[in-house]
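Work through the exercises below with the sequence and the model at hand. Each task is followed by a solution in steps.

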Amino acid sequence: MHHPVLYQEIIHALRPRRDGLYVDATLGAGGHAWGLLQASGPNGRLLGLDVDPQALELARQRLEPFGERAILVRASYITLTGQLAALGWKAVDGILLDLGLSSMQVDTPERGFSFLADAPLDMRFDPEGLVSSADLVNNLPESELADLIYRYGEEKRSRQVARAIAAARPLKTTLQLAQVVTRAVTSGKSGTKRRSIHPATRTFQALRIAVNRELESVEAVLPQAVAALASGGRLAVIAFHSLEDRIVKQFFRRESQDCICPPQQPVCTCGHRATIREVIRHPINPRPEEIEANPRARSARLRVAEKLE
Ligand SMILES: C[S@@+](CC[C@H](N)C(=O)[O-])C[C@H]1O[C@@H](n2cnc3c(N)ncnc32)[C@H](O)[C@@H]1O
């Protein structure tokens, strides 16, 4: 079995026990879920969520041997509280969020995530999602497109990219978009300083984040996840880019403090109480052996928090 990113580290962090309740909120192909079910046998149970029916089907096949111990639901993790209530699970022992897109999604050209294969512009994790990358690329006003590419892609040439896209509309396919973006990003450059990533990487990342409302979703799920944990239960989050990781980091810092008043304020007025402790102060990165075996793992960062009494 191909192990997913930071597999051993996740099992170690969530410490599955034999009758525990676990949530894999980003099920994907079910690799982490498999490990959690295996390690929490014979009675541990797992709720797996994903918005992508293809991912759910793969996970369903992989997790079949665990029978009713695996409950798989097609739903966004932003509905976590409601999903747990529907099962009557009052508190769970561990929750995993392995953010972003799966290898299966990026390797399926017709999903439109890759700029290396020609396919319709799409990028929806949920194929029934209301907005695709084609909608954003072809309909957003140029200035909004530029802001989006700057904010979510951290692309310094966002204005040039948006201008080039607006001039080339309508764009239909990934390769058309990648060509337009590449020209905008590399125009006027001497070519002596080579980019370490494909010139379209940042724009594609930005569109994917916007299409799937990724940052808003992470912000919405983190408080629900902490509220759902039993005391001593753990939340593990794998982020793949700094925008996501920053949200997780700031949330963990805030929720692990008793007071969140501004530092210059002499007396606490916020009444905030810590709900978690950070199990590790600094994020865990994949080991060099893992990156060598799976280069896509290289930007993964794992943070782990534990619910307080
Ligand atoms: C990196 S993959 C997870 C891989 C998985 N850990 C494994 O072992 O195979 C992320 C998955 O999260 C799913 N996803 C993204 N946003 C989601 C959301 N809001 N709710 C539920 N699943 C989501 C994607 O469809 C994708 O399948």
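**Exercise 1: A residue with positive phi**

Met123 sits in the loop that runs between helix 5 (103–106) and helix 6 (133–139). The model used here and in every later exercise is predicted.

Task: Find the phi of Met123 and decide whether Met123 is buried or exposed.

Solution.
- Step 1. The phi of Met123 is near 70 degrees, a positive value in a residue that is not glycine.
- Step 2. Most residues other than glycine have a negative phi.
- Step 3. The relative accessible area of Met123 is 0%. Buried means under 20%, so Met123 is buried.

**Exercise 2: Another loop residue**

Task: State where Glu154 lies, what its phi is, and how its accessibility is classed.

Solution.
- Step 1. Glu154 belongs to the loop between helix 7 (142–153) and helix 8.
- Step 2. Its phi is near 50 degrees, which is positive although Glu154 is not glycine.
- Step 3. Partly exposed covers the range between under 20% and over 50%. Glu154 has 35% relative accessibility, so Glu154 counts as partly exposed.

**Exercise 3: Cis peptide bonds**

Task: For the bond from Gly41 to Pro42 and the bond that joins Arg169 and Pro170, give omega, then place each proline in its loop.

Solution.
- Step 1. As background, most peptide bonds are trans.
- Step 2. Going from Gly41 to Pro42, omega is near 5 degrees and the bond is cis. Pro42 is located in the loop between helix 2 (31–39) and strand 2 (45–50).
- Step 3. Between Arg169 and Pro170 the bond is also cis, with omega about 0 degrees. Pro170 is part of the loop between helix 8 (158–168) and helix 9 (174–186).

**Exercise 4: The nonpolar cores**

Task: Which residues touch the most other members of the largest nonpolar core, and which helix gives the largest share of this core?

Solution.
- Step 1. The largest nonpolar core has 63 residues, and Ile165 and Leu235 touch the most other members.
- Step 2. Helix 11 (residues 214–228) supplies the largest share of this core, with 7 residues.
- Step 3. Take Ile165 and set aside its neighbours within four places in sequence. Its contacts are then Val137, Leu145, Ile149, Leu171, Leu177, Val180 and Val181.
- Step 4. There is also a second, separate core of 26 residues; among them are Ala33, Leu56, Ile238 and Val304.

**Exercise 5: The ligand and its surroundings**

Task: How many residues surround the ligand, and how much of the ligand does the protein bury?

Solution.
- Step 1. The ligand is surrounded by 23 residues, of which His32, Asp50, Tyr77, Asp98 and Gln105 are the closest.
- Step 2. Sorted by class, this shell holds 11 nonpolar, 9 polar and 3 charged residues.
- Step 3. Look for backbone atoms that approach the ligand. In Ala29, a backbone N or O atom is 3.1 Å from a ligand oxygen atom. In Gly31, a polar backbone atom also lies 3.1 Å from an oxygen atom of the ligand.
- Step 4. Then look at a side chain: a polar side-chain atom of Asp50 is 2.7 Å from an oxygen atom of the ligand.
- Step 5. The ligand taken alone exposes 610 Å², and the protein buries 93% of that.

**Exercise 6: Two buried residues**

Task: Locate Arg234 and His241, and say what surrounds or touches them.

Solution.
- Step 1. Arg234 is in strand 5 (residues 229–239). With a relative accessible area of 9%, Arg234 is buried.
- Step 2. The Arg234 side chain reaches the backbone oxygen of Ala13 at 3.0 Å.
- Step 3. His241 occupies the loop between strand 5 and helix 12 (242–255). Its relative accessibility is 8%, so His241 counts as buried.
- Step 4. Apart from neighbours within four places in sequence, His241 contacts Gln205, Arg208, Ile209, Glu214, Leu215 and Arg301.

**Exercise 7: Two exposed residues**

Task: What separates the C-alpha atoms of Glu309 and Gly233, and what separates those of Ala293 and Asp245?

Solution.
- Step 1. Glu309 is in the segment after strand 7 (301–307). Exposed means over 50%, so Glu309, at 88% relative accessibility, counts as exposed.
- Step 2. Glu309 and Gly233 are 76 residues apart along the chain, with 9.8 Å between their C-alpha atoms.
- Step 3. Ala293 is in helix 13 (residues 288–293) and counts as exposed at 68% relative accessibility.
- Step 4. From Ala293 to Asp245 the sequence distance is 48 residues and the C-alpha to C-alpha distance is 23 Å.

Methods: Residues numbered from 1 in each chain as written. Predicted model: local features only at pLDDT ≥ 70, side-chain atom pairs only at ≥ 80, totals over all residues. Heavy atoms only, no water. Core = buried A, V, L, I, M, F, W, Y, C linked by side-chain atoms within 4.5 Å. Buried < 20%, exposed > 50% of the residue type's maximum accessible area, 1.4 Å probe, protein only. Helix = DSSP H or I, 4+ residues; strand = E, 2+ residues; numbered from the N terminus. Contact = heavy atoms within 4.5 Å. Near = heavy atom within 4 Å. Polar contact = N/O pair within 3.5 Å; in protein donor to acceptor, adjacent residues only side chain to side chain. Areas by Shrake-Rupley, 256 points an atom, 1.4 Å probe, with all protein chains shown as cover. Nonpolar A, V, L, I, M, F, W, Y, C, P; charged D, E, K, R; others polar.
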